[in-house]
Amino acid sequence: MNALLRMGKRQIFLMSSSAVHGYEYLQHAESDLRAYFGKNNVKKVLFIPYALSNHDAYTEKVGTVLKRWGFDCEGIHRQSDPVQAVNDAQAIYIGGGNTFLLLKSLYDNALVEPIRDRVLNGSVPYVGSSAGTNVATRSIQTTNDMPIIFPPTFDALALVPFNINPHYLDPEVGGKHKGETREERIVQFHELNEAPVLGLREGSTLLVDGDRATLIGVNKARLFRRGQEPQEFESGADFSFLMK
């Protein structure tokens, strides 16, 4: 985690998900994501589809939307040298799927350090959704996914010094389900871990500009810190205190 100590103008766009009820694919984030790419002079996006098994279909799905917005998109799986592709990228976008499969694939392709280095030194903007957001944090220990495969470690890219729980769900009022709630599982994480956990509800995004972090999007977020009551934050909230 020493990379977290570096001072860089990192640019990070972390979505809870790509699909939100009432919107077409990625539509909920269109204006913010287009502005983000524009600010960072992005014309072409390197998409990393490792969280799903059909890399071509996944890249085509994302690329169709990005191209409609005016951005080229290429899949890293089509590049002969994935590390060089990361080093040459104008922007890196890691999509959702299974977080365990994604993280193992990043390690298998020796991409963890190159991505971390380029993002933290401010030379490439990063976009993540769902699993792609999970791997941007300290670890994947607060993912909702099933461990279908073993990554070498839970340690992730550590682009931000805390954890995120994408797709955060509140308990259904009057619901009959008696299993553990998302909040209870995060409390269990805090029985053994100190890291704050930001619960991103569908339609919410964390935008990081250097050491400044801001909640944007169409929904609120819920912050969990060990030994403290959870806190609710509206869109527009400043989460820069989590970046320290």
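Analyst: A strand is a DSSP run of E with at least two residues, and strands are numbered from the N terminus. In this predicted model, C73 lies in strand β3, which covers residues 72–75.

User: How much confidence does the predictor place in the chain, and what is the average pLDDT?

Analyst: The average pLDDT over the chain is 95, and 97% of the residues score at least 70. Residues 1–8 call for care, since their pLDDT is below 50, although this stretch has 14 contacts in the model beyond near neighbours in sequence.

User: Returning to C73, is this residue buried or exposed?

Analyst: The general idea is to compare the relative accessible area with a cut-off, and buried means under 20%. C73 has a relative accessibility of 12%, so it counts as buried.

User: Which residues does C73 touch, once its neighbours within four places in sequence are left aside?

Analyst: C73 is in contact with V45, F47, T59, G63, L66 and K67. Distance along the chain and distance in space are separate readings, as C73 and A91 show: they are 18 residues apart in sequence, while their C-alpha atoms are 9.6 Å apart.

User: T59 is among those contacts of C73, so where is the place of T59, and what does T59 touch?

Analyst: T59 belongs to helix α2, which runs over residues 55–68. An α-helix has 3.6 residues a turn, so residues three or four places apart point the same way. T59 has a relative accessible area of 11% and is therefore buried. Apart from residues up to four places away in sequence, T59 touches F47, P49, C73, E74, G75 and H77.

User: How many residues of helix α5 are buried?

Analyst: In helix α5 (residues 112–120), 7 of the 9 residues are buried, and the helix is therefore largely enclosed by the rest of the structure. The buried ones are V112, P114, I115, R116, R118, V119 and L120. Their cover includes the strands β1, β2, β4 and β5, together with the helices α3 and α4. Just after α5 comes G122, with a positive phi of about 80 degrees.

User: Which residues touch the most other members of the largest nonpolar core?

Analyst: The largest nonpolar core has 46 residues, and the members that touch the most others are I94, L106, I115, Y126, V135 and F239. A second, separate core has 22 residues, including F13, Y36, V42 and A91. I115, which is one of the buried residues of α5, touches I48, V86, I92, I94, L106, Y126 and L157 when residues up to four places away in sequence are not counted.

User: What should I look for in phi, and which value does A158 have?

Analyst: Most residues other than glycine have a negative phi, and most peptide bonds are trans. A158 is not a glycine, yet its phi is positive, about 55 degrees. A158 sits in the loop between α6 and β6, and with 1% relative accessibility it counts as buried. H167 is another residue other than glycine with a positive phi, near 60 degrees. H167 is in the loop between β6 and α7, and its relative accessibility of 24% makes it partly exposed.

User: How is empty space read, and how much of it lies in the largest pocket?

Analyst: Rolling a probe the size of a water molecule over the atoms shows where empty space is left. Here the largest pocket holds about 550 Å³ of space. Its lining has 22 residues, and N144, E180, T181, R182 and R185 lie nearest the centre. Helix α7 (residues 182–190) gives the most to this lining, with 5 residues. The lining divides into 4 nonpolar, 10 polar and 8 charged residues.

User: How many cavities of 30 Å³ or more does the structure hold, and which residues line the largest cavity?

Analyst: The structure holds 1 cavity of 30 Å³ or more, and about 40 Å³ of space lies in the largest cavity. The residues lining the largest cavity are F13, H28, A29, D32, G203, T205, I216 and G217, which divide into 3 nonpolar, 4 polar and 1 charged.

User: Where is F233 found, and which residues does it touch?

Analyst: F233 is in strand β11, residues 231–233, and at 16% relative accessibility it counts as buried. Not counting residues up to four places away in sequence, F233 touches L215, K220, A221, L223, F239 and F241. F233 and N219 are 14 residues apart along the chain, and 9.2 Å separates their C-alpha atoms.

Definitions and conventions
Residues are numbered from 1 along each chain as its sequence is written. This is a predicted model: local features need pLDDT of at least 70, side-chain atom pairs count only at pLDDT 80 or more; totals for chains, interfaces and linings use all residues. Side-chain values use heavy atoms; hydrogens and water are left out. Helices (H or I, at least four residues) and strands (E, at least two) are DSSP runs, numbered from the N terminus. Buried means under 20% relative accessible area, exposed over 50%, partly exposed in between (1.4 Å probe, protein chains only). Contact means heavy atoms within 4.5 Å. A nonpolar core is a set of buried Ala, Val, Leu, Ile, Met, Phe, Trp, Tyr and Cys residues joined through side-chain atoms within 4.5 Å. pLDDT is the predictor's confidence in each residue, from 0 to 100. On a 1 Å grid over the protein atoms alone, a cavity is a set of points where a 1.4 Å probe fits but cannot get out, and a pocket is an open set with protein on both sides within 12 Å along at least five of seven lines; lining residues have an atom within 4 Å of a point. Grid points are joined across faces, edges and corners, and a volume is the space filled by probe spheres set on the points. Ala, Val, Leu, Ile, Met, Phe, Trp, Tyr, Cys and Pro count as nonpolar, Asp, Glu, Lys and Arg as charged, and the others, Gly among them, as polar.
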